[in-house]
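Let's take a friendly walk through this model together. Please have the sequence and the 3D view open as you read.

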Amino acid sequence: MNLYIRYFTNEVVVETLEEAVDFLNSNSGIRLNEAQINDLEAYVNSNIVYPKRFKINTHLYFIVIKTMAKTLEEFKQNSSNDGGDQPLAIPGTTGTISSASDNPGWYKAKLTFKRVIPSEENIGKFLYADTDFEVKLKAHSVQDCYNRVMDHLHTRGDIDPRSQFPSLKGRNFQIEFLGAAN
């Protein structure tokens with residue numbers, strides 16, 4: 001596991017803790033003390049996979065991200081993939097298909113959304129309740145299926161427009177391709 005480190009516009013990918021400390025100490029304004037080095041070492045040796053921000057003083061921070069990239073260019077290339085039209089794994093199909101690729105047939109969509117429930121006293125208060133919804137429908141693609149489900153839910157009179165719906169690639173929206181349309 002390598003480390004991507006950024007301090008303002010200075011950034012690097014390093015392989016060891018020693019290289020990380022050397023890089024940070026080479027920047028003006030940073031002199032890591034023993035406690036900061038120990039915090040950095042604890043992060044490196046931990047199972048934490050999310051980025052971590054380390055405080056240098058009241059207003060200065062540096063960021064460390066664990067990565068499999070070996071070079072700064074490789075790291076930037078990997079981070080520049082914004083997931084625009086990434087393939088989705090669809091149960092019932094072989095491999096993956098793009099959310100926008102044309103694949104007409106029957107789909108089964110399952111989602112959980114936050115439905116607004118007004119209070120019984122009708123005093124302007126409400127709560128969000130997890131609501132499951134499942135439907136089988138004919139669509140031209142994964143995106144078309146998602147759009148049809150969202151259109152249906154948004155036009156139902158019994159669902160408050162303030163309800164919160166999952167995104168196509170969110171964990172609360174699952175889709176299964178059931179087969180080609182006959």
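## Ground rules and overall layout

Helices (H or I, at least four residues) and strands (E, at least two) are DSSP runs, numbered from the N terminus. With that in hand, H140 can be placed in the loop between β8 and α4. This is a predicted model, in which local features need pLDDT of at least 70 and side-chain atom pairs count only at pLDDT 80 or more, while totals for chains, interfaces and linings use all residues. Residues are numbered from 1 along each chain as its sequence is written, and side-chain values use heavy atoms, with hydrogens and water left out.

The chain has 4 helices and 9 strands. Following the sequence, you will meet them in the pattern β-β-α-α-β-β-α-β-β-β-β-α-β. Of the 182 residues in the chain, 33% are buried; buried means under 20% relative accessible area, exposed means over 50%, and partly exposed is in between (1.4 Å probe, protein chains only).

## The nonpolar core

A nonpolar core is a set of buried Ala, Val, Leu, Ile, Met, Phe, Trp, Tyr and Cys residues joined through side-chain atoms within 4.5 Å. The largest one has 18 residues, and those touching the most other members are Y107, L111, C145, V149, L153 and F173. At least two residues of this core come from each of β7 (105–118), β8 (126–139), α4 (142–155) and β9 (173–179). Helix α4 gives the most, with 6 residues.

## Two contacts across the sequence

Let's return to H140. Its relative accessibility is 47%, so H140 counts as partly exposed. The C-alpha atom of H140 is 5.5 Å from that of N103, although the two are 37 residues apart along the chain.

L17 lies in helix α1 and, because its relative accessible area is 16%, is buried. Its C-alpha atom is 7.5 Å from that of V44, with the two positions 27 residues apart in sequence numbering.

## Salt bridges

Side chains of opposite charge can pair when their charged atoms come close. A salt bridge here is a side-chain nitrogen of Lys or Arg within 4 Å of a carboxyl oxygen of Asp or Glu, and the count comes to 7. One of them joins E11 and K76, whose closest N and O atoms are 2.5 Å apart. This pair links distant parts of the chain, with E11 in strand β2 (residues 10–14) and K76 in helix α3 (residues 72–79), 65 residues apart. E11 is partly exposed at 23% relative accessibility, and K76 is partly exposed at 40%.

K108 and E134 also meet in a salt bridge, at 3.6 Å from N to O. Here K108 in strand β7 is linked to E134 in strand β8, 26 residues apart. Another salt bridge pairs R156 with D158 at 2.8 Å, N to O, and R115, R156 and D158 are linked in a network of salt bridges.

## A negative patch on the surface

Patches are made of residues with over 30% relative accessible area and no salt bridge, with like charges joined within 9 Å and nonpolar side chains (Val, Leu, Ile, Met, Phe, Trp, Tyr) within 5 Å. E15, E18, E19, D22 and E41 gather in a patch of negative charge on the surface. Helix α1 (residues 17–26) gives the most to this patch, with 3 residues. E19 is found in helix α1 and is partly exposed, with a relative accessible area of 37%.

Notes. Accessible areas come from the Shrake-Rupley method with a 1.4 Å probe; for residues, only the protein chains shown count as cover. Lys and Arg count as positive and Asp and Glu as negative; His and the chain ends are not counted. The place of a charge is taken as NZ of Lys, CZ of Arg, CG of Asp or CD of Glu.
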